[in-house]
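Biologist: I would like to go through this model with you and ask how each label was earned. Could you show it to me?

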Amino acid sequence: MVFGLANRGGPASRQSDALARANQRDELFDERFVRSLEQLHLVSRRIAAGSAMAQRRTRKLGSGIEFADHRQYAPGDDFRYVDWNLYGRLDKLLLRLFEEEEDLSISFLIDVSDSMLLGAPPKVHYAMQVAAALGYVGLANLDRIAMLPFAGSLGERMPPTRGKKRIFHAFEFLRTCALGGQTNLAAVTKSFVRQANRRGMVVVISDFFDHQGVEAALNTLRYHRFEPFLLQVVDPREPRPTLRGDLVVVDAETGEVQDVTVSADMLARYERAFLAHTDGIRRYATSRSIPFFRAATDVPFDELIMRIFRQGGFLR
Amino acid sequence: MTWLSPIAWSTWLPWALACVALATLAYLLKTRRQRFIVPFVGLWQRVVEERQAASWWHRLKRWISLLLALLLLCLLLLAMRGPIWGARGGARSIVLLVDTSASMRATDGDAAGRTRFAVLQDQLLRLTAEFRESDAVLVLAMDATTTPATQFVNDVAIIRRAITNLAATDAPADVSRGLRAARDALAGRANPTLIIATDGALTLPSVTWQAPAQDSSQATEHPMSGADQSAISLAGIDVFAVTSGGEAANVGIVAFSARRYPSNANAHEAFVELYNAGSTAQRRTITVFAGDTPIDARQVDLAAGERVRQVYPKLPALAERLRVELSPRDAFVTDDSALALIPPRPAQRILLVTRDSLFLEAALLAYAEMAPVVLEKRTPKEYAADPSLATRTDVVLFDDYVPTSLPPAPAHVMIFSADAASLPGARPLVRPRVTDITEHPVTRFAALGDVNFDDGLRLPVDAGRGDVVLFRSVRDAMAVARTESGRRLVWFGFALPAPHRQSATDLPLRVAFPLLIAGTLEWFAGTNTAYVAVHRTGQRQRIAVPQATDVSVTGPDGKRRILPVTDGWAELLPRHTGIYQLTMGEQVVQAVANVSSGEESMIAPQPLVLAEKPLTPPDLGRSSATRALWGPLVILFLALVALEWWWFHRRWTV
């Protein structure tokens with residue numbers, strides 16, 4: 001079978017086959033997966049212990065013990081926080097400000113559109129496993145996590161929750177959430193920023209096949225002071241599909257068609273175009289200091305998680 | 001270039017066009033695009049846009065692929081037409097008219113003593129090597145009839161097998177029939193060619209090279225047979241001849257038959273006619289066999305072209321089959337012997353009605369030694385009680401007894417009676433003496449002049465009824481013979497000695513008595529003195545079978561076949577000399593066939609000239625450089641198929 005779907009029946013029937021396969025999620029979070037999560041948590045703690053502690057500190061000033069900044073004394077401020085050493089040098093009354101120790105809010109925007117239903121295994125399964133794994137790490141670090149499947153709009157969400165044991169609730173949610181739809185990341189992020197009441201990290205797990213591009217969506221998140229974290233999920237055959245001959249390719253989400261005559265040259269051009277598309281997203285993300293990872297579904301999710309941990313950007 | 005296939009262009013072309021249309025449709029179906037779902041068509045659109053500049057090449061590839069598929073199909077269709085390279089002219093239709101008549105059996109075909117037919121077969125087999133693959137050949141065997149040995153075929157193996165399986169018969173050749181059959185077979189065919197294969201001992205009919213006239217009134221028919229005697233038109237037909245040749249010397253038996261004598265069914269005579277068909281005088285010894293026993297041999301000298309007849313009288317009836325043979329035998333042995341059948345003599349069923357007459361019984365027993373007899377004896381009382389006994393006999397002999405009514409025909413009647421009351425008009429005679437004996441089969445060899453009679457009868461004679469007085473006593477008829485209503489009657493006007501009679505005669509003690517009895521019975525039985533018909537080979541014989549529903553014939557070769565019966569007649573065409581046994585229901589009849597043809601005995605090869613055109617050996621002009629192209633075309637087709645498969649997988653074609 002070539003990449004995509006078997007060439008039997010109409011596009012509608014083939015898409016329903018993909019949806020049916022994607023809905024087979026009972027085995028996604030089995031015991032082996034749970035054991036993997038625990039191992040990942042241990043590894044993450046080791047890695048986090050050696051990393052810069054300040055990477056993931058919220059910048060909110062509060063009653064923490066970590067010095068953050070100075071400000072001018074105003075009548076009524078607490079005398080205990082006056083920096084007398086600085087007064088002796090500068091003859092100015094300045095208050096010491098401390099960072100607020102606060103839990104991180106991690107929102108996982110999981111692309112469940114029609115394009116994510118393709119692949120063997122379906123990319124959405126891989127995305128869910130990665131989201132669950134990262135979510136577990138977050139829960140283990142006492143962060144709040146929320147799961148938000150999206151396609152053209154935000155779907156039913158799992159509200160922010162804390163505690164390691166809540167991971168099972170996340171599993172159940174991911175097993176039962178609705179799938180399918182057409183990707184519109186820009187609209188999704190707009191909805192998200194309107195609805196979110198806490199800033200935090202936004203992990204976008206998607207294949208980023210959006211006709212409107214991803215820049216607008218990322219800008220929306222950045223503008224609203226969210227920390228985007230991009231994770232592109234691809235099927236290893238996507239860059240090199242095993243197609244041949246005169247074909248009509250049909251977009252899985254929009255149904256848009258394109259006549260192509262696939263030859264070796266055409267396949268080479270397609271691969272270059274695919275890589276260019278992916279690299280374009282990477283460059284845009286990199287240029288804006290947005291962590292970007294691309295993972296093929298044939299890479300075990302725990303390896304991906306480890307790579308994410310090592311390269312940083314997720315653990316604090 | 002010529003085309004091997006017999007399929008006409010008008011037939012081949014529509015099918016070829018249909019195949020081309022199907023191939024084009026199949027190609028269009030093959031190139032129908034399949035649909036595949038991809039996650040993001042935008043990438044494909046970008047790639048396609050890049051390739052817009054090369055679209056003209058893509059379109060061109062599709063046309064190239066289509067043309068390549070059509071080229072492959074055309075190669076295959078051309079190969080089916082069987083093109084031949086190097087052949088001159090078009091396909092020919094050839095009829096091989098092979099002479100299988102009796103003269104082909106002459107053993108002067110070559111110095112090794114092979115028959116003319118064997119030599120001719122070899123020549124024909126060599127001739128087959130000159131046939132082109134496109135030639136259609138029909139083999140006809142010509143003797144008294146013309147029989148096809150094949151259809152029009154191209155396969156040389158079939159032709160050779162047919163030639164090998166041909167065999168010469170003993171029948172003469174009907175060349176007119178053969179030429180007409182060949183002409184009709186070639187009608188409407190391309191490049192008609194007729195090759196006559198013969199030894200040259202033929203009588204060629206009248207032939208014309210002009211097309212037949214449209215007006216049928218110009219055709220003439222034989223007044224007796226009704227056969228069309230007009231010249232045979234061979235217009236537009238190339239005629240050639242293949243001859244095997246031979247010598248001219250031949251003496252043959254052109255007639256041989258036998259019959260029983262009308263006056264003596266125990267004796268028969270034979271007739272033989274010889275013909276010297278050669279150009280030199282010949283001497284032959286004729287030997288006649290009765291069964292396997294030679295009964296006569298004589299030498300005969302014949303001048304060139306002379307016919308000599310020999311009659312063999314009074315041949316003993318040693319067998320029912322006579323055979324005559326010539327010696328020394330010449331090259332044509334078929335006419336050096338002949339057969340004849342003597343008409344069979346059926347057993348006479350005789351009913352003797354007597355009280356007790358040993359003399360009669362003894363005379364009848366003596367007669368039974370000469371001829372087949374079935375004797376039955378009854379007393380007058382028994383006969384009177386059941387006169388129908390006579391219906392199952394051929395002869396009723398009344399001894400001193402005259403029934404009130406004579407037995408009905410066809411039973412013959414012989415009466416010995418001196419009772420004047422038994423016959424109106426009869427007068428008693430006292431001590432008659434035979435003074436006058438009439439020459440008659442009854443009285444043959446009978447000396448009656450010194451026979452003593454105590455008494456007798458003067459019999460009435462009705463000349464108007466055909467009565468014949470067998471012998472008289474002065475002027476009184478003592479014995480009368482009559483033929484009436486399909487049967488014969490002999491009345492002897494005296495009684496034979498018997499224990500119950502006082503007076504009688506001493507005739508039974510004389511030699512004349514058994515002669516008289518035998519003569520009478522012979523006269524009764526001697527109705528079959530006809531010849532047994534001797535048939536000529538190649539002549540159709542119609543045989544009356546009014547009551548039989550099927551007729552089977554067993555030929556000299558022992559093979560049995562059924563003859564069709566139409567309107568009470570069966571037709572027999574003897575092709576070989578010998579005896580034919582016909583079974584018609586419960587009746588079995590024999591017939592003999594001999595060559596018996598002076599024409600067929602003339603085995604000297606003649607120049608073959610048709611309508612003043614001498615026939616020459618065929619020059620079929622096969623070029624050694626001819627080459628059938630279908631093989632290379634098929635190889636090229638397969639090579640292109642393989643190449644196209646390779647190109648297709650590299651997307652050079654689509």
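Biologist: Which residue follows α9(A), and what is the sign of its phi?

Modeller: That residue is A:Gly312, and its phi is positive, near 80°. Please keep in mind as we go that this is a predicted model.

Biologist: Thanks! Staying with helix α9 of chain A, which of its residues are buried?

Modeller: The helix covers residues 301-311, and its buried residues are A:Phe301, A:Leu304, A:Ile305, A:Met306, A:Ile308 and A:Phe309. The word buried is used for a relative accessible area under 20%.

Biologist: What makes the contact between A:Asp77 and A:Arg71 a salt bridge?

Modeller: The N to O distance between their side chains is 3.0 Å. The cut-off asks for a side-chain nitrogen of Lys or Arg within 4 Å of a carboxyl oxygen of Asp or Glu, so this pair of Arg and Asp qualifies.

Biologist: Why is A:Asp77 called buried, and what is A:Arg71 called?

Modeller: A:Asp77 has a relative accessible area of 17%, and because the limit for buried is under 20%, that label applies. A:Arg71 stands at 33%, so it counts as partly exposed, the class between 20% and 50%.

Biologist: How do you know that A:Arg240 and A:Glu271 form a salt bridge, and which parts of the chain does the pair link?

Modeller: Their side chains meet at 2.8 Å, N to O, and the limit is 4 Å. The pair links distant parts of chain A: A:Arg240 sits in the loop between β7 (227-234) and β8 (245-251), while A:Glu271 belongs to helix α8 (residues 264-287), 31 residues apart. A:Glu271 has a relative accessible area of 23%, so it is partly exposed.

Biologist: What makes B:Arg183 and B:Asp184 a salt bridge?

Modeller: Their closest N and O atoms are 3.3 Å apart, so the pair meets the 4 Å criterion. B:Arg183 is at 25% relative accessibility and is therefore partly exposed.

Biologist: How many salt bridges are there over all chains, and which residues of chain B are linked in a network of them?

Modeller: The structure holds 38 over all chains. The network in chain B links B:Arg465, B:Asp467, B:Arg482, B:Glu484 and B:Arg487.

Biologist: Which residues form the nonpolar patch on the surface of chain A, and what makes A:Leu93 eligible for it?

Modeller: The patch is formed by A:Phe79, A:Trp84, A:Tyr87 and A:Leu93, with about 400 Å² of accessible area together. A:Leu93 lies in the loop between α3 (84-90) and β2 (94-99) of chain A. Its relative accessible area is 33%, and patch members need over 30%, so A:Leu93 passes on that count.

Biologist: What is noteworthy about phi at A:Asp91 and A:Ser289?

Modeller: A:Asp91 has a positive phi of about 60° although it is not a glycine, and A:Ser289, also not a glycine, has a positive phi near 55°. A:Asp91 is in the loop between α3 and β2 of chain A, and A:Ser289 is in the loop between α8 and β10 (292-296) of chain A.

Biologist: Why are A:Asp91 and A:Ser289 called exposed?

Modeller: Exposed means over 50% relative accessible area. A:Asp91 has 57%, so it is exposed, and A:Ser289 has 67%, so that residue is exposed too.

Biologist: Where are cis peptide bonds found, in chain A and in chain B?

Modeller: In chain A, one joins A:Ala120 and A:Pro121, with omega about 5°; A:Pro121 is in the loop between β3 (105-111) and α4 (123-140). In chain B, the bond from B:Ser327 to B:Pro328 is cis, with omega near -5°, and B:Pro328 is in the loop between β16 (321-327) and β17 (337-341).

Biologist: What makes β28 and β31 of chain B edge strands?

Modeller: They belong to an open, mixed sheet of five strands in the order β28-β35-β34-β30-β31. β28 (534-536) and β31 (560-563) each pair on one side only.

Biologist: How do you know that β30 and β34 of chain B pair?

Modeller: Four bridges join them, and they run antiparallel. Pairing takes at least two bridges, so the requirement is met. B:Val551 stands opposite B:Met584 in β34(B).

Notes
Residues numbered from 1 in each chain as written. Chains lettered and ligands numbered in written order. Predicted model: local features only at pLDDT ≥ 70, side-chain atom pairs only at ≥ 80, totals over all residues. Heavy atoms only, no water. Buried < 20%, exposed > 50% of the residue type's maximum accessible area, 1.4 Å probe, protein only. Patch = residues over 30% accessible without salt bridge, like charges linked within 9 Å, V, L, I, M, F, W, Y side chains within 5 Å. Areas by Shrake-Rupley, 256 points an atom, 1.4 Å probe, with all protein chains shown as cover.
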